[in-house]
Amino acid sequence: MSVVDSATWRLIRTETTLSIRDKVAPIWGVGCPLLVLVILGAVPALKEPLPGAGGLTAFDVYVPVMVLFALAIVALTALPATLAGYRENGVLRRMQSTPVGPARVLAAQLVANLAVAAVAMVLFLVVARVGFGVELPRNPAAFALAWLLAAAALLSIGLLVTALAPGRGPASAIGTMLFFPLMFFAGLWVPIANMPPLLQDISRYTPLGAGMRAFQDAYLGAFPAAAPLAILAAYAGGCALAAVRWFRWQ
């Protein structure tokens with residue numbers, strides 16, 4: 001293994017450790033939605049099938065919502081705040097004079113946050129299955145593809161927030177302002193199937209709304225429709241290109 005590759009792996013381990021110590025991703029991205037999931041699992045009314053959800057109950061639908069919750073927390077709050085803080089404190093500028101380079105710091109942060117979100121996803125599915133008897137996605141490959149595209153879309157949005165925000169404070173504020181409406185259109189407060197038609201139409205074109213539709217198809221055993229996958233890919237590609245265009249190292 002080359003010196004640079006070795007340094008990259010050390011960076012990934014370091015950034016993962018720092019991400020856990022920062023507590024934003026572990027507490028708000030894993031602990032909080034897991035607690036909500038357990039509380040919702042104890043509500044009998046949520047075990048009734050939802051209209052227009054293909055036989056899924058309200059609680060069945062909330063499991064993938066919590067998966068998206070974890071992704072959104074790490075991508076829209078933890079990632080931008082950390083990277084904007086690094087730029088504000090001159091970390092990225094100083095890395096430009098080293099063989100590793102600042103780009104690998106970004107890559108290590110992406111891998112660290114993706115790992116936290118992946119652990120959260122597996123944990124939520126296991127708890128829902130073992131604790132409350134919720135079926136796992138009937139098409140696991142389709143679910144994995146949808147999750148990866150949703151992760152790519154949200155992390156790209158997080159990088160774009162980092163690129164545009166002048167510092168850690170504004171990055172946190174912008175990420176938080178994006179988090180709540182995006183989670184609304186994912187069905188956190190009102191299931192998408194129960195939204196008025198206009199809000200359902202808007203939800204289709206949001207990254208988390210598209211992610212939920214792809215997840216629901218996978219849960220029912222089908223391969224997700226092309227539209228939500230294309231929307232997620234468009235967010236991932238478009239926001240990534242914009243982030244590269246406007247990203248500032250200092």
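In the predicted model, helix α8 and helix α9 (residues 207-219) pack at an angle of about 90°, their axes lying 6 Å apart. An angle from 65 to 115 degrees counts as roughly perpendicular, and α8 and α9 are therefore roughly perpendicular to each other. On the α8 side the contact is made by Q200, S203 and R204, and on the α9 side by G209, A210 and R213. Sorted by class, the contact of α8 with α9 has 3 polar, 2 charged and 1 nonpolar residues.

R204, one of the α8 residues in this contact, also takes part in a salt bridge with D201, with a distance of 3.7 Å from N to O. R204 and D201 are 3 residues apart in helix α8 (residues 197-204), so about one helical turn separates them. R204 has a relative accessibility of 38% and therefore counts as partly exposed. D201, at 41% relative accessibility, is likewise placed in the partly exposed class.

The count of salt bridges in the model comes to 2. Besides the pair in α8, a salt bridge is formed by E135 and R138, whose closest N and O atoms are 3.2 Å apart. E135 counts as partly exposed because its relative accessibility is 46%.

A second helix pair is formed by α6 (residues 140-164) and α10 (residues 226-246), which pack at an angle of about 25° with their axes 8 Å apart. Angles under 35 degrees count as roughly parallel, and α6 and α10 are therefore roughly parallel to each other. The crossing of these two helices, α6 and α10, is left-handed. Helix α6 contributes L145, A146, L149, A150, A152, A153, S156, I157, L159, L160, A163 and L164 to the contact, while α10 contributes L229, L232, A233, Y235, A236, C239, A240, A242, A243 and W246. Of the residues in the contact of α6 with α10, 21 are nonpolar and 1 is polar, with no charged residue.

The loop between α5 (102-132) and α6 contains G133. With a relative accessibility of 46%, G133 counts as partly exposed. The C-alpha atom of G133 is separated by 9.6 Å from that of D60, although the two residues are 73 residues apart along the chain.

Two further positions, G41 and T57, were examined in the N-terminal to C-terminal order of the chain. G41 is located in helix α2 and counts as buried, at 6% relative accessibility. Residues up to four places away in sequence being left out, G41 touches K47, F59 and F132. The C-alpha atoms of G41 and Y62 are 9.4 Å from each other, with the two residues 21 residues apart along the chain.

T57 lies in the loop between α2 (24-41) and α3 (58-88). The relative accessible area of T57 is 11%, and this residue is therefore buried, since values under 20% fall in that class. Neighbours within four places in sequence set aside, T57 is in contact with L46, K47, E48, P49 and L50. K47 thus appears among the contacts of G41 and among those of T57.

Methods. Predicted model: local features only at pLDDT ≥ 70, side-chain atom pairs only at ≥ 80, totals over all residues. Heavy atoms only, no water. Axes fitted to C-alpha atoms, helices over the stretch in contact; angles between N-to-C directions. Helix = DSSP H or I, 4+ residues; strand = E, 2+ residues; numbered from the N terminus. Parallel < 35°, antiparallel > 145°, perpendicular 65-115°, else oblique. Left-handed = near helix turned anticlockwise from the far one by under 90°. Contact = heavy atoms within 4.5 Å. Nonpolar A, V, L, I, M, F, W, Y, C, P; charged D, E, K, R; others polar. Salt bridge = Lys/Arg side-chain N within 4 Å of Asp/Glu carboxyl O. Buried < 20%, exposed > 50% of the residue type's maximum accessible area, 1.4 Å probe, protein only.
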